[in-house]
Amino acid sequence: MDLATFLAFAIFIIVMTGTPGPGNLTFLAIGASAGYRTAFPVIVASQIGSLPLKLSVAYGLGHVMAGGGPVVLLFKVLSMAYMAYLAWRIISLSVKPKGEVALPSFWEGLLIHPLSPKTWAMNLVAFSTFLAGNGLSIHENALILVAGFTLGGMVFHSLWALLGVSILALIGDGPVMRVVTVLMAVSMLAATVWALAI
């Protein structure tokens with residue numbers, strides 16, 4: 001991979017992992033509701049959960065997903081159902097009394113990226129645009145894809161969670177925070193719907 005392609009790939013990762021999507025909005029809401037220490041294990045889980053997705057894109061499943069059909073339809077249904085469940089969990093954290101709702105767990109975090117249409121799309125685009133046909137082996141390209149998006153995910157998911165912590169510190173844990181949390185959950189669902197539609 002030449003330097004220009006590598007830099008373009010790095011910029012793509014920064015833009016894709018740094019912009020709003022179901023994952024970042026989820027971590028923003030967790031940070032705002034429960035703090036960074038609660039968000040961090042879920043962030044780690046999201047990266048572990050995304051590993052099979054990245055590898056499957058690199059080793060060929062990406063072509064199946066790009067082709068459409070019943071597998072993609074099933075994926076869209078599962079994505080929307082899981083993101084709706086996450087939105088409900090996020091809203092419940094702010095509406096119900098503290099301690100009454102369990103915080104999102106490590107195990108729930110494992111499914112955030114495999115069921116996120118944005119994650120699938122950015123991995124498919126990155127692989128087909130920057131890695132396919134670059135002269136490296138499939139294993140080397142898989143390693144580059146995994147390392148790039150894992151690093152980007154850890155950095156930007158953490159920054160979004162810390163932004164949530166800052167919002168909590170700024171507006172407190174009252175009615176305004178509940179409105180903000182509901183808006184974040186609705187935005188997460190809207191981002192999912194938009195990603196599924198394109």
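This report describes the overall fold of a predicted model and then three residues within it.

**Overall architecture**

The protein chain contains nine helices and zero strands, and its elements follow one another along the sequence as α-α-α-α-α-α-α-α-α. Of its 198 residues, 44% count as buried. Among contacts between residues at least 6 apart in sequence, 81% join residues at least 24 apart. The chain exposes about 9500 Å², and carbon and sulfur atoms supply 78% of that area.

**Individual residues**

The table lists helix location and relative accessible area.

| Residue | Helix | Relative accessible area |
|---|---|---|
| Met80 | α5 (residues 70-95) | 27%, partly exposed |
| Ile138 | α8 (residues 138-171) | 39%, partly exposed |
| Asn141 | α8 | 4%, buried |

Asn141, in helix α8, counts as buried because its relative accessibility of 4% falls under the 20% cut-off. Leaving aside residues up to four places away in sequence, Asn141 touches Phe127, Leu131, Asn134 and Leu136.

Ile138 also belongs to helix α8, but its relative accessible area of 39% makes this residue partly exposed. Together with Leu51, Leu55 and Tyr59, Ile138 forms a nonpolar patch on the surface. The accessible area of these residues together is about 330 Å².

Met80 lies in helix α5 and is partly exposed, because its relative accessibility of 27% lies between the 20% and 50% cut-offs. Met80 and Leu189 are 109 residues apart in sequence, while their C-alpha atoms are 7.8 Å apart in space.

Technical notes: Residues are numbered from 1 along each chain as its sequence is written. This is a predicted model: local features need pLDDT of at least 70, side-chain atom pairs count only at pLDDT 80 or more; totals for chains, interfaces and linings use all residues. Side-chain values use heavy atoms; hydrogens and water are left out. Patches are made of residues with over 30% relative accessible area and no salt bridge: like charges are joined within 9 Å, nonpolar side chains (Val, Leu, Ile, Met, Phe, Trp, Tyr) within 5 Å. Accessible areas come from the Shrake-Rupley method with a 1.4 Å probe; for residues, only the protein chains shown count as cover. A salt bridge is a side-chain nitrogen of Lys or Arg within 4 Å of a carboxyl oxygen of Asp or Glu. Helices (H or I, at least four residues) and strands (E, at least two) are DSSP runs, numbered from the N terminus. Buried means under 20% relative accessible area, exposed over 50%, partly exposed in between (1.4 Å probe, protein chains only). Contact means heavy atoms within 4.5 Å.
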